[in-house]
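Subject: Structure handover

Hi,

Here is the structure I promised to pass on to you. Have a look at it first, and then read on for my notes.

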Amino acid sequence: MKGMTLERMAQACNARLCGAPMDQKRHETPAAGIVTDSRQVKENFVFVALPGERVDGHDFIPQVFEAGALAVVCEREPEQATGVCLLVESSKEALKKLAALYLDELAIPVVGITGSVGKTSTKEMIASVLSQKYCVHKTAGNFNNEIGLPLTVFGLREEHEVAVLEMGISDFGEMSRLAAVARPKVSVITNIGICHLENLGTRDGILKAKTEVFDYLRDDATVVLNGDDDKLCTVAAVQGKAPVFYGMGEALPVGAAYKKKSIFADAVENKGLRGIDFDLHLPEKTHRVHVTIPGEHNVYNAMAAAAVGLALGLSEQEICTGIEAARTIGGRTNLIEAHDYLVIDDCYNANPVSMKAALDVLTQGEGRTIAVLGDMGELGTDEKKLHYEVGAYVAEKHIAWLFAAGELSRELVRGVEEYPDFTTQYDYFGTDVDALCRRVCEFAQPGDTILVKASHFMDYPRIVKALTE
């Protein structure tokens, strides 16, 4: 890891050196990696010992030294340490400071992505576009919080030319702490939805929390915003520059800070599960583009990726090639053919907006349309109402069957039951996800299209696994 010597790391996180003396060799040797999982420690790795409710990283310090660790970052000095320790007040804060140091050392542009919905799919589209010109490193899985983001940064190597980092928050101040690490050169906000209302209260609160990122941008940064979002379109200049707005049609909504979008799309042709065609209007010309991933929300992902590509010097042809090359990942509108039926694996996470978008995709399916849904988390005081509205949307879209589990999902079912002249049939399993899983597997037949979606804590990937194995 370029420049990551123990001396520089100790300075960055205000650490006191203790344990075994640091000889000249250790003084000059850069860390080969930085990890928080003792099982990942290899020769010359630095282990950051994080205290936890169930597992305390400090308990594994002797083992990591035996595995060849260069040093350990810890909050308390271990007894009879056989290696160098960097003693800090907070290992978690040290982790972030080390990540910030490493990014500064590499001096590559960072694309920071946040928003209530669509962060991961937008990240994948942006990475696909940028990979047409650069060697790209991107967030893996859900590594988008105050521990995951630094660990993603530590995965960077000297061959990487751009970092695409997803930034997820649930409370005020979190974005400031993430952005202080990432210091984006390009900042993308996908939308201001109704996630994390439990802590952020209102959409205005969400806007305030997400835009904390603006205080930590690199000089001459580019801000990319969804111009069709009624909150984001009101954002005026950031660092003295107008944001790059994207959306459907050229005009920004009434009440927006500006009149026109920089990038826009129209002439959208939905090809169902085969993807979408649309006209993408870029500064030089209009391009007819095909996205292979189903769901019209992917047009927005493509426009955001186009804006990032332009900001980082890609040609319009490279941008279009990258959009058309984009593919989904597991748990994100991932289409799996198994046993002569089609499973839409969208169970990575869920909120009301993404639920409705996934149901829109399901309506494009052939045969019986079956929604296997579960609870959505962190919705605050309106959680029952929001589940009810998703249930009503299931009925409105004439989904053939709804299978649901979870305490709040009773409201999904009630939303179906109380919808006028509903045709959707349903089965509710209380909190017994295993019973739901067995029933869905018994019920599925050739020709069905089955959507599986719920918040991460419901553990619905096991349903996908049962349906597809």
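Let me start with a residue that is easy to overlook: Ala 267 counts as partly exposed, because its relative accessibility is 44%. Please keep in mind that this is a predicted model. Ala 267 sits in strand β12, which covers residues 263-270, and although it is not a glycine, its phi is positive, at about 50 degrees. As background, most residues other than glycine have a negative phi.

Arg 183 is another non-glycine residue with a positive phi, in this case of about 45 degrees. Its place is in the loop between α7 and β9 (186-189). Arg 183 is partly exposed, with a relative accessible area of 29%.

Arg 183 comes just after α7, and that helix deserves a look of its own. Seven of the nine residues of α7 (residues 174-182) are buried, so the helix is largely enclosed by the rest of the structure. The buried ones are Glu 174, Met 175, Ser 176, Leu 178, Ala 179, Val 181 and Ala 182. What do they pack against? Their partners are two strands, β6 (110-114) and β8 (162-166), together with the helices α4 (91-106), α6 (148-154) and α9 (203-210).

Helix α4 turns up again in the largest nonpolar core, where it gives the most, with eight residues. That core has 61 residues, and the members that touch the most others are Met 4, Met 9, Ile 34, Leu 86 and Phe 214. If you want one residue to centre your view on, try Ile 34: leaving out residues up to four places away in sequence, it touches Met 1, Met 4, Met 9, Val 46, Val 48, Leu 151 and Phe 154. There is also a second, separate core of 36 residues, and Ile 113, Leu 130, Val 188 and Leu 282 are among them.

Further along the chain, is Val 372 buried or exposed? Val 372 is buried, since its relative accessible area is 0%. This valine belongs to strand β17 (residues 369-374). Setting aside neighbours within four places in sequence, Val 372 is in contact with Phe 403, Leu 436, Val 440, Ile 450, Leu 451, Val 452, Lys 453, Tyr 460 and Ile 463. For a sense of distance, Val 372 and Tyr 216 are 41 Å apart in space, C-alpha to C-alpha, and 156 residues apart in sequence.

Now for the chain as a whole. It has 16 helices and 20 strands, and its C-alpha trace spans about 75 × 55 × 40 Å along the principal axes. The radius of gyration is 24 Å, which agrees with the value near 23 Å that a compact globule of 469 residues would have. Buried residues make up 56% of the 469. Among contacts between residues at least 6 apart in sequence, 64% join residues at least 24 apart.

On the surface side, the accessible area comes to about 19700 Å², and 46% of that belongs to carbon and sulfur atoms. As for charge, there are 67 negative and 47 positive side chains, and the centres of these two sets lie 3 Å apart.

Those are my notes on the model. I would be glad to hear what you make of it.

Best wishes

Definitions and conventions:
Residues are numbered from 1 along each chain as its sequence is written. This is a predicted model: local features need pLDDT of at least 70, side-chain atom pairs count only at pLDDT 80 or more; totals for chains, interfaces and linings use all residues. Side-chain values use heavy atoms; hydrogens and water are left out. Buried means under 20% relative accessible area, exposed over 50%, partly exposed in between (1.4 Å probe, protein chains only). Helices (H or I, at least four residues) and strands (E, at least two) are DSSP runs, numbered from the N terminus. Contact means heavy atoms within 4.5 Å. A nonpolar core is a set of buried Ala, Val, Leu, Ile, Met, Phe, Trp, Tyr and Cys residues joined through side-chain atoms within 4.5 Å. The radius of gyration is taken over C-alpha atoms; the globule rule is 2.2 Å times the number of residues to the power 0.38. Accessible areas come from the Shrake-Rupley method with a 1.4 Å probe; for residues, only the protein chains shown count as cover. Lys and Arg count as positive and Asp and Glu as negative; His and the chain ends are not counted. The place of a charge is taken as NZ of Lys, CZ of Arg, CG of Asp or CD of Glu.
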